[in-house]
Amino acid sequence: MATTAEGLPQIAWCPGCGNFGILRAVNQALGDLGIPPHRVLMVSGIGQAGKLPHYTKCNVLNMLHGRTLPAASAAKIVNPELTVIAVGGDGDGYGEGGNHFIHAARRNHDITYLVHDNQVYGLTKGQASPTSDRGFPTKTSLEGAWSPMNPIALAIASGASFVARGFAGDVEHLASLIKAGIQHKGFALIDILQPCVSFNHLNTYAWYRERVYKLEETDYDADDKLVSFQKAQEWGERIPIGIIYQKLLPTFGGQLPALQKGPLVKQEIEPRRAQKLLDEFL
Amino acid sequence: MPIEMNFMVGGEAGQGVQSVGFLLAKAFTRAGYHVFADQDYESRIRGGHNFFRVRVKDSEVRAIAEPVDVLIALNRESIELHRKELVKGEVIVFDDEKTKEASDRSSIFGVPLSRLAEEKAGNKLMSNTVALGATLGLVGFELSTLDQVLRDHFHKGELAENNVKAARAGYEYAQANFKEMHHIKPIGDGQRMLLNGNESIALGAIAAGCKFIAAYPMTPVTPIMEYMASKARDFDLVVVQPEDEIAAINMVVGAAFAGVRAMTATSGSGFCLMVEGLGLAGITETPIVAVEGQRPGPAVGLPTRTEQGDLQFMLHAHHGEFPRAVLAPATVEDAFWLTVKAFNLAERYQTPVIIMTDHHLASSYTTVNPFDLSEVTIDRGILYSGGDGEYKRHRLTKSGVSPRAFPGQEGVLVATDADEHDEAGHLTEDADMRAKQVQKRLRKLFGLKNDISPPRLEGSRKAETMLIGWGSTYGALHESMTILRKEGKDVNLLHFSELWPFPAEAVADVLDRACFSYVVENNATGQLARLIRAETGREVSGRILKFDGHPFTPAYIVEQAKKEGC
């Protein structure tokens, strides 16, 4: 297979794809944080976004469509020393994997979840996605897409402890969000506005640029759930990017007694310890 | 004179049927007897009709028997429903102050269960314990053993003492008012374990070093995760109850990829949801263990009953082609040892292993000699310890098995993909690499096949009639064969507890020596017969099938075999 100078696979995205900005932001964030590649596990789904981990230096578990979060959560549980980043698209995470999204947020696994939200299905060539704007015409919704879901509001309602929105057209800002998400202890969703140059001619780079504004440049306070929930409703003329909600909450792994002695992956297997259990059946 | 007694406890859900049945089984276990106990319950928490059968012998017992010697009826309906199963000289223990029993037969033992519970233990809810005591009083059981069983079961304290009082009240009432029907003396030292298939699988998993189980509650295998959860703190296990079965199996893939032994457990319809994840484990070469507890399907079917209807499903679940192992424990001991084996096979061949049980094996209790943990071996397969060039998770090898490394390992990056991938684990559409990776994965079947044990052949090497079965039917089949042989029939038994890769050569050889062969299966179509034909080209002579949701009894198999001309 064709590879780059660094031995990574050649990138198979369309020229100009918003994914390039996301990849740059991921590389910048991991570089800035100084996490060695062998300590990073990226778990991805299926769709153009799912290819991202292959294009950077890290451990890769490229999953099925929609199933990133269960695998990413479990990998983090058994080896908390890993920095675990789940990556997928809007169809992958909010459609096929919607139930996992709600419950991973609820359990507050200590992982970062990057959703490349281009509001359209790219790899299957232009069908409506769960976040397609109302009225957006596609090959499977000729009268226009129906009501979009609100992943930011859903994440907050479900119990995620870090909820942010980034824009693939602003790499610096996105990188800072990814860094904050990785450093946050708990489930960190970063929904990323990602222009699809091939199939979404409504939500283009220019469309987003006209609308996005940075929350940190306002006096917005991200630690009030109700205020955040209200902010999550903002979409249309003005679209906020930045951290919309952040609160330190107990993580799923943090409450597991089994992890008190260190990562499960480092624990020895001792069959004879089970003798005590066998004796209870006598 | 050999001792054999069959007890049945019947009542509504919520009356403590399971509790009395289990304690009865435990008491006889402690007294040195062999016990086999099964339970039949409805999919409800209160009401309805449930029963629990306990068969007690002074020699090995592995199946239920239909005639009942003692019926402990916690309500009137139990008498009506089960009277026909009672043998001559039957005994019914019931509450004569609550249930007016018109019969004048001497074997009706009315005990004021509720009143005694109230008077002696201060709680009429303990009337089931009074019934337990009364039953054991009728057979002259050693009281101190019963006391000890209750104290152990209720973890001492006030609850335990009140149960002891309730049991004694029943015991003394029976001794004072009725003539002992038997006098059961303790035999041996009682050093056997009493456990069911679920518990045995859970113990096997813990002994094998399983560190992570993700499962969605579903009859009949929920007790596996519950047992492991109860030991999670002491044995450093993580038990996760996720949102659905899809999440469960994908979590298991994530945990196993990251480096621990991991498993899931579900029933047939839960497995339907897991199928996509099974193939994921296949293509990413991730070792996972999945327990599939069969119950009658399709869809919800009979949620709390038994069937062996999923064999072909487990052999073929998922699109595409990849290696898997399918094991089907025949007994409670098998359930332990095959679980240990499942983890070793999964890691040795880096592929999914399925353990098939069913409601009957999962929930039936058997006495077994304690497992010898020094016999438990742990084989984590080929692990990467450095080497030439860059690490490649899916390196092409002769055996098909590539050295495994884990994320976090210094100097190594581990990559794998649900898409077809190259040796390094990166997505590829290269036709040549695709074919090579398919062949590599399928090559693992050769090694795997050598690790699969041939079926048990019992009776004699060559017999006129061969009975053939798999999984939980072993006990009933073994006893059927014994009965038929005692009657002078030339019968042997071929029984499978490891089904895939199928040991075709060994089976063909054995089959060719029998004049007649009958599969005995708890399903409607004879799925093992179909497997045998597909893999050996041999057709069995007939099928003895049962698919009403209930397990086989030896008597039923014997009767059917005779109808077939045996």
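Select strand β18 (residues 491-496) of chain B, which is mostly covered, with six of its six residues buried. Buried here means that 20 or more other C-beta atoms, placed from the backbone, lie within 10 Å of the residue's own; 12 or fewer would be exposed, and anything in between partly exposed. The model is a predicted one, in which local features need pLDDT of at least 70, side-chain atom pairs count only at pLDDT 80 or more, and totals for chains, interfaces and linings use all residues. Residues are numbered from 1 along each chain as its sequence is written, and chains are lettered from A and ligands numbered from 1 in the order in which they are written.

Stay on β18(B) and show its side chains. In a regular strand the side chains alternate between the two faces of the sheet. V491(B), L493(B) and H495(B) lie on one side of β18(B), N492(B), L494(B) and F496(B) on the other, and all are buried. Helices (H or I, at least four residues) and strands (E, at least two) are DSSP runs, numbered from the N terminus.

Add the partners of β18(B). Strand β16 (residues 456-458) of chain B runs antiparallel to β18(B) and is joined to it by three bridges; pairing requires that DSSP finds at least two bridges between two strands. L457(B) has L494(B) as its bridge partner. Strand β17 (residues 465-470) of chain B runs parallel to β18(B), with six bridges, and M466(B) stands opposite N492(B).

Next, select the open sheet of seven strands in chain B, ordered β9-β8-β10-β11-β13-β12-β19 with mixed pairing. Its edge strands, β9 (238-240) and β19 (498-500) of chain B, each pair on one side only. The twist averages 20° from one strand to the next; angles run from 0 to 180 degrees between N-to-C directions, and axes are lines fitted to C-alpha atoms, for helices over the stretch in contact. At the β19(B) edge, strand β12 (residues 325-327) of chain B pairs with β19(B) in the antiparallel sense over two bridges, and V326(B) has W500(B) as its bridge partner.

Now show both chains. Which strand of chain B takes part in the open sheet of nine strands? The order is β9(A)-β10(A)-β7(A)-β8(A)-β4(A)-β3(A)-β1(A)-β2(A)-β15(B), with mixed pairing. β9 (212-214) of chain A and β15 (415-417) of chain B stand at the edges with a single partner strand each, so one side of each has no neighbour in the sheet. Zoom in on strand β2 (residues 59-62) of chain A, which pairs with β15(B) in the parallel sense over three bridges. N62(A) has D417(B) as its bridge partner.

Widen the selection to the chain contact: 60 residues of chain B are in contact with 50 residues of chain A, where contact means that C-beta atoms, placed from the backbone, lie within 7 Å. α10(B) gives the most to chain B's side, with nine residues.

Finish on helix α2 (residues 68-78) of chain A and helix α10 (residues 245-258) of chain B, whose axes come within 7 Å and cross at roughly 45°. The two helices are therefore oblique to each other, as angles under 35 degrees count as roughly parallel, over 145 as roughly antiparallel, 65 to 115 as roughly perpendicular and the rest as oblique. Residues to label include A71(A) and I77(A) on α2(A), and M251(B) and F257(B) on α10(B).

Key
Two residues are in contact if their C-beta atoms, placed from the backbone, lie within 7 Å.
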